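Me: I am new to this structure. Please show it to me, then take my questions one at a time.

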Amino acid sequence: PGDGNLTPSCVTVTSTATPPQRIVEVAQGFGKNGLVKSICELSQFPPAMDAIINIIAKQLGAVCLDRPLVRAANGKVTCNVVWELPPQGMSPPTTPTQCNQLPFLTAPDPNQPQTNDRGGNNCVVKQLAVMNETKPAGNEDGWYYDDFSPEVKKTCINGTQRAAYTDPAKPHTGVTVKLECLNQTQTVISNRTDLDPMFYNQQVKAPDIGTECDKTSTGMAIADPNARTKACWVNTRPANGPAGVDKRMFCHPLLNTCVRTCSGATDCPPAWVCDQRKETLAITKLPICVNPTCGQ
């Protein structure tokens, strides 16, 4: 008393552990983001390090994407988030080793790899639908495509989209996460010279292949399918010619982006092809121009 010294928490053969009161108070001041462990309770440091990593991992709740993805009419993108789990006995107790240990994990399709290079199981994370630029509703957990939240604008420097997770679905310690996508937005910058200047300027851009057609330029949702198709029409005024409307583009019913009709490759941008497959026509009713490097 009076000399400011503290009684050691524990004394070992090699050292003495003195309680660092100020350091503990600072850590506790971070609330759920702080962690206090005593070296007197630990024979090894990995358990404490795993706990620290878990806290850090919870803050890494999203991965920024450098390219936009196609959100279908159901609010989802054609992507899977796959957790590659560690093998049994090679992870902290809080990390799953089987897909059935967490409600938002399921086993991959039979034609997909069931295990990973480490010998652990692969699991698909449930994707949550996002409609009208709102976060997933209800109590379900999983991941979702985020191109609308204030957080994505703050955290994603080189892009405006990310794969985001609800808190319980944020990756655990020892899990390798992979994002597997089938497509991305197919876009073309046409640099047309026949645009009507009465309609288009620096603030209002003419639609093109890949332009979103399910909302207005101010972000308001367009529900009427006919209005969505009209959002892809281009107002034209050729040099020394009358004003007109180019109706070759329409709104894809699933992808909610403008696509161009075609009768052959000559109707499409350079290196693109005219997709006339039955499976495509079953959805679009008309053949459309596609980039063959973005799928079959």
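**Glutamate 84 and its surroundings**

Reply: Glutamate 84 is buried, with a relative accessible area of 14%. Buried means under 20% relative accessible area, exposed over 50%, and partly exposed in between (1.4 Å probe, protein chains only). This is a predicted model: local features need pLDDT of at least 70, side-chain atom pairs count only at pLDDT 80 or more, and totals for chains, interfaces and linings use all residues. Residues are numbered from 1 along each chain as its sequence is written, and side-chain values use heavy atoms, with hydrogens and water left out.

Me: With which residue does glutamate 84 form a salt bridge?

Reply: A salt bridge is a side-chain nitrogen of Lys or Arg within 4 Å of a carboxyl oxygen of Asp or Glu. For glutamate 84, the closest N and O atoms of the pair are 3.1 Å apart. The partner is lysine 178.

Me: How many residues apart in sequence are the parts that this pair ties together?

Reply: Helices (H or I, at least four residues) and strands (E, at least two) are DSSP runs, numbered from the N terminus. Glutamate 84 lies in strand S4 (residues 79-84) and lysine 178 in strand S9, so the pair ties together parts of the chain that are 94 residues apart.

Me: Is lysine 178 buried or partly exposed?

Reply: Its partner glutamate 84 is buried, at 14%. Lysine 178 has a relative accessibility of 40%, so it counts as partly exposed.

Me: In what order do the strands of the open sheet run?

Reply: Two strands pair if DSSP finds at least two bridges between them. Here 4 strands form an open sheet, and the pairing is antiparallel. The edge strands, each pairing on one side only, are strand S5 (105-106) and strand S9 (176-181). The order is S5-S6-S4-S9.

Me: Which residue in S6 stands opposite glutamate 84?

Reply: S4 and S6 pair in the antiparallel sense over 4 bridges. Opposite glutamate 84 in S6 stands asparagine 122.

Me: What is the bridge partner of threonine 106 in S6?

Reply: S5 is joined to strand S6 (residues 122-125) by 2 bridges, and the two run antiparallel. Leucine 105 has valine 125 as its bridge partner in S6. For threonine 106, the bridge partner is valine 124.

Me: Which residues of S6 point the other way from Asn122 and Val124?

Reply: In a regular strand the side chains alternate between the two faces of the sheet. Asn122 and Val124 point one way from S6, and all the residues in question are buried. Pointing the other way are Cys123 and Val125.

Me: Which strand gives the most to the largest nonpolar core?

Reply: A nonpolar core is a set of buried Ala, Val, Leu, Ile, Met, Phe, Trp, Tyr and Cys residues joined through side-chain atoms within 4.5 Å. The largest has 19 residues, and Trp83, Phe104, Leu105, Val125 and Trp143 touch the most other members. S4, S6, S7 and strand S8 (161-165) each supply at least two residues. The strand giving the most, with 3 residues, is S4.

Me: How many residues does the other core have?

Reply: This core lies apart from the largest one. Among its members are Ile209, Val234, Met249 and Cys262. Its count is 14 residues.

Me: How far apart are the closest N and O atoms of aspartate 246 and arginine 192?

Reply: The structure holds 10 salt bridges. One of them joins aspartate 246 and arginine 192. Arg192, Asp194, Asp246 and Arg248 are linked in a network of salt bridges. The closest N and O atoms of aspartate 246 and arginine 192 lie at 3.0 Å.

Me: With which side chain does the side chain of aspartate 146 make a polar contact?

Reply: Aspartate 146 sits in strand S7. It is buried, with a relative accessible area of 0%. A polar contact is a pair of N or O atoms within 3.5 Å; within protein, one must be able to donate a hydrogen and the other to accept it, and residues adjacent in sequence count only if both atoms are side-chain atoms. Here the distance is 2.6 Å, and the partner is serine 149.

Me: Where does leucine 35 lie?

Reply: Leucine 35 is partly exposed, with a relative accessible area of 34%. Its place is the loop between helix H1 (21-28) and helix H2 (46-59).
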